[in-house]
Amino acid sequence: MPRTVFNIDIRKPPEQHDIKTHNRWHPDIPFVETFKPGDEFRVECFDWTGGQIANDNSANDIRDVDLSKVHYLSGPFAVQGAEPGDLMVVDINDIGALESSQWGFTGIFALENGGGFLDRHFPRAKKACWDFHGIHTSSRHIPGVRWPGMVHPGLIGCLPSQELLDRWNKRESALFNTNPDRVPPLCTLPDGMAGTTTALMGQLKGDAAKDAGQVAARTVPGREHGGNCDIKNLSRGSRVYFPVYVKGGGLSMGDIHWSQGDGEITFCGAIEMAGWIDIGVDLIKGGMEKYGVINPIFRPSRIEPRFSEYLVFEGVSVDEHTGEQHYLDATIAYRRACLNAVEYMKKFGYTGEQAYMILGTAPVEGRISGIVDIPNACCTLALPTEIFNFDIRPTADGPSRKVPQSNVADSD
Ligand code: ZN
């Protein structure tokens, strides 16, 4: 087993750990440790909320999550000899749930606190908890489904340079300012003065941490350095090529998912958990120029669950509320595909919330099938039929069975 270079104790809040996590991106966050190309090591990670969610039957904790503090990232780790312009080669050799925490959760976030892809349809906070059985998972809140996990870090990336950070802040501020009162917001900007308390800056201390915390980027979106890309196939055996933007690279990770559907549509949409990742690092000198890389590229693992059959739902770029025709809008088209799948599953006895959470957590494949046939983008969502313990295919007799009446955990 490789040496564990970042330890966490889930019984203690992240702020009370000796080696601190960070929840912002900034080039001055100090490295936890420097490795040589070829080294391998183990990193432990909090769930993305840093332990704010309990394994129980109330979604009040989802309703009340403090989103100014997420994500709690382990790192950054440097690679000797890494310089801007290189590619850091990162192997995810293995990954799993912490031995002391064999469960996960999925949340539908309240419209006023984060929202989600279908937040106009599902505005209330809800929660489902999942138990792990070896490679499989099931939930007491969502009957009739069970599938093998594809465990992956939702968030993994390298530190930005000052120039890159400035560019992010400039372009995201410009977007935010087009509609500053929107709920949920168009994007999450650095906290300014509030950042002196909400920003966790790893091992950066004192005034330096306070100053950097005010302008450091939030970890919500994926960007050029990787970050919160939520790629469900980034599982054990995958390799990622990260562009290096600062000397040493500075690799950090967290937000581990047991499993996720393409799009992570409920926002806290995967099966979220605390876990560990075995990492291997290497370098390709000058790789950004050699391969024309700005954003990371990755090679998914050869090992993935095998499904032989899917039901594929289509959606086109027509607004479901107004009937308005939009021009090649893949966001609307994917939303319509998701809504079509939700309506279908409801015919088998699922509540809308249960169906929504299945689409966020099960290994569903989301695709842009057509993006040239004006005016409709066509997006598809492929639902593996074998995750259900009953026949979910359409027949002349109608839905083959109804799942027992139940629901996900509610908030007050
Ligand atoms: Zn996550």
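Thirty-three is where I start: 33 residues of domain 1 are in contact with 32 residues of domain 2. In domain 1, the residues that lose the most area to domain 2 are Phe117, Phe122 and Pro143, which together make up 21% of what that side buries. This is a predicted model, and please keep that in mind throughout.

Now the layout. Domain 1 covers 4–299 and domain 2 covers 310–407. Taken over C-alpha atoms, the centres of domain 1 and domain 2 are 27 Å apart. Between domain 1 and domain 2, about 2,600 Å² is buried, and carbon and sulfur atoms give 69% of that area.

Next, the polar side of the interface. There are 16 residue pairs in polar contact across the interface of domain 1 and domain 2, counting pairs with both residues at pLDDT 80 or more. On the domain 1 side that touches domain 2, four strands each supply at least two residues: β7 (103–108), β8 (126–133), β10 (142–148) and β17 (267–273). Of the elements on that side, β10 gives the most, with 6 residues. By type, the residues of domain 1 that touch domain 2 split into 14 nonpolar, 11 polar and 8 charged.

As for salt bridges, the rule finds 1 across the interface of domain 1 and domain 2. Staying with charged side chains, Glu365 and Lys232 meet in a salt bridge, at 3.4 Å from N to O. Both of these residues also belong to a network of salt bridges that links Lys232, Asp262, Glu365 and Arg367.

Let me move to helix α7. How many of the 10 residues of helix α7, residues 352–361, are buried? The count is 10 of the 10, so α7 is largely enclosed by the rest of the structure. For those following along on the screen, the buried residues run through Gly352, Glu353, Gln354, Ala355 and Tyr356, then Met357, Ile358, Leu359, Gly360 and Thr361. What covers them includes the strands β7, β8, β10 and β17, along with α6 (330–346) and β22 (378–384). Recall that β7, β8, β10 and β17 are the strands I listed on the side of domain 1 that touches domain 2.

One contact to Tyr356 of that helix comes from a glycine. Gly116 sits in the loop between β7 and β8, and at 19% relative accessibility it counts as buried. The cut-off for buried is under 20%. Setting aside neighbours within four places in sequence, Gly116 is in contact with Ile265, Thr266, Phe267 and Tyr356. The C-alpha atom of Gly116 is also 8.8 Å from that of Pro184, with the two positions 68 residues apart along the chain.

Now salt bridges over the whole structure. The search finds 26 of them. I will go through three.

The first on my list is Asp278 with Arg42, whose side chains meet at 2.7 Å, N to O. Asp278 lies in strand β18, residues 275–284, and Arg42 in strand β4, residues 40–45, so the pair ties together parts that are 236 residues apart in sequence. Are these two residues buried or exposed? Asp278 is buried, with a relative accessible area of 8%, and Arg42 is buried too, at 13%.

Next is Lys126 with Asp410, where the closest N and O atoms are 3.2 Å apart. Lys126 lies in strand β8 and Asp410 in strand β23, residues 409–410, so this pair ties together parts that are 284 residues apart in sequence. Lys126 is buried, with a relative accessible area of 8%, whereas Asp410 is partly exposed, at 34%.

The last is Arg171 with Glu224, a salt bridge at 2.8 Å, N to O. Here Arg171 lies in helix α2, residues 162–176, and Glu224 in the loop between β13 (222–223) and β14 (226–227), so the pair ties together parts that are 53 residues apart in sequence. Arg171 counts as partly exposed, at 38% relative accessibility, while Glu224 counts as buried, at 9%.

To sum up: the two domains bury about 2,600 Å² between them, and helix α7 has 10 of its 10 residues buried. That is all from me.

Conventions. Residues are numbered from 1 along each chain as its sequence is written. This is a predicted model: local features need pLDDT of at least 70, side-chain atom pairs count only at pLDDT 80 or more; totals for chains, interfaces and linings use all residues. Side-chain values use heavy atoms; hydrogens and water are left out. Domain bounds come from an automatic or database domain assignment. Contact means heavy atoms within 4.5 Å. Buried area is the accessible area (1.4 Å probe) that two parts lose on being put together, summed over both. A salt bridge is a side-chain nitrogen of Lys or Arg within 4 Å of a carboxyl oxygen of Asp or Glu. A polar contact is a pair of N or O atoms within 3.5 Å; within protein, one must be able to donate a hydrogen and the other to accept it, and residues adjacent in sequence count only if both atoms are side-chain atoms. Ala, Val, Leu, Ile, Met, Phe, Trp, Tyr, Cys and Pro count as nonpolar, Asp, Glu, Lys and Arg as charged, and the others, Gly among them, as polar. Buried means under 20% relative accessible area, exposed over 50%, partly exposed in between (1.4 Å probe, protein chains only).
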